[in-house]
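Hi there,

Here is the structure I promised to pass on to you. Please have a look at it first, and then read on for what turned up.

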Amino acid sequence: MKYFARYRFVFLPLLLLLLCSCASSERMLRLSGSVAAPPKSTRLSAAKWNSPGQITRPLRLDSDLVNLWPIYYRNNDYTSAFWPMFDYDRYGLAIRPFFNREGDDYSILFPLMAWNPAQGDGWSAFAYWRKQSFGAFPLFHIGPEVKYVLPVWYRNHGLYRQLITPLGGMSWDEDASSGIWGPVWWDSDSERHAILPFYYSSLKTKFVFPLFYYNPESVKETPCFSHYCYYA
């Protein structure tokens, strides 16, 4: 590893290419000192990492057994060949940029595909999945709260629900609902509904255009097809 500073201008373009993988780049940086800390705890969530036979501890990188770095390097904890193309330790391995494993995190041609079987999440191209949801962006998403298959979108948030489509949408719960579908509009909570622009009804105002208008706060009467027609 100590020779890297001498040849940094040779390896820098290659490093910039290989750093495209988040887990792979973290692994490469983690293994670049004399003592390497274990991977992040989020990458070691599987039960096997906490088993009595598995000791999660820093890796010693300075107890050389074979040191032909960067062509080949090996000690009791760590092995690398043509660094940074290949490295291996008890927490995983990397064949950059094709495959990387860091604890429970796996990736193939990152960012094309990555997954974590212990956490139950990952993605492949435009498809993605988690423990309780999955989808393919932007075509569809299926989850416990939000679901959509373009162009229809649905949300279930406890007792409250929403539905949106190109023709309109609505929201509702156990007590009330509101929405609009084309010219039809309503709000049951305020007792208003309409077929725009021809019909409207609320607690105070009602009209059927152009035949009828009624508002009890009106003070002037006007001729109309209805005996109860007024205007404000």
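Before the details, a word on naming: strands here are DSSP runs of E, at least two residues long, and they are numbered from the N terminus. Please also keep in mind that this is a predicted model.

With that naming, strand S13 covers residues 134–136, and Ala136 lies in it. Is Ala136 buried or exposed? Ala136 counts as buried because its relative accessibility is 16%, and the cut-off for buried is under 20%. Which residues does Ala136 touch, once its neighbours within four places in sequence are left aside? The contacts are Phe126, Ala127 and Tyr128. Trp123 is 13 residues away from Ala136 in sequence, and the two C-alpha atoms are 9.2 Å apart in space.

Now to the rings, which may be to your taste. The count of aromatic pairs comes to 8. One of them joins Phe134 and Phe140 in an edge-to-face arrangement, with 6.1 Å centre to centre and 75° between the planes. Phe134 is partly exposed at 43% relative accessibility, and Phe140 is also partly exposed, with a relative accessible area of 27%. Tyr200 and Phe207 form a stacked pair: their centres are 5.9 Å apart and their planes are at 25°. Why is that pair called stacked? Planes under 30 degrees apart count as stacked, so the label follows from the 25° between these two rings. Within this pair, Tyr200 counts as buried at 18% relative accessibility, whereas Phe207 counts as partly exposed at 23%. Elsewhere, ring pairs link Phe99, Tyr106 and Trp115 into a cluster.

There is a charge over a ring as well. The charged end of Arg90 sits over the ring of Tyr91, at 5.9 Å from the ring centre.

Last comes the surface. Leu65, Val66, Leu68, Ile71, Tyr72 and Phe82 make a nonpolar patch of about 570 Å². Which strand gives the largest share of that patch? Strand S3, residues 64–68, does so with 3 residues. Val66 has its place in strand S3, and Val66 is partly exposed, with a relative accessible area of 31%. Patch residues need over 30% relative accessible area, so Val66 at 31% meets that cut-off.

Enjoy the structure, and do write back with your thoughts.

Best wishes

Conventions
Residues numbered from 1 in each chain as written. Predicted model: local features only at pLDDT ≥ 70, side-chain atom pairs only at ≥ 80, totals over all residues. Heavy atoms only, no water. Patch = residues over 30% accessible without salt bridge, like charges linked within 9 Å, V, L, I, M, F, W, Y side chains within 5 Å. Areas by Shrake-Rupley, 256 points an atom, 1.4 Å probe, with all protein chains shown as cover. Salt bridge = Lys/Arg side-chain N within 4 Å of Asp/Glu carboxyl O. Helix = DSSP H or I, 4+ residues; strand = E, 2+ residues; numbered from the N terminus. Buried < 20%, exposed > 50% of the residue type's maximum accessible area, 1.4 Å probe, protein only. Phe/Tyr/Trp six-rings, centres within 6.5 Å; stacked < 30°, edge-to-face > 60°. Lys NZ or Arg CZ within 6 Å of the ring centre and 35° of its normal. Contact = heavy atoms within 4.5 Å.
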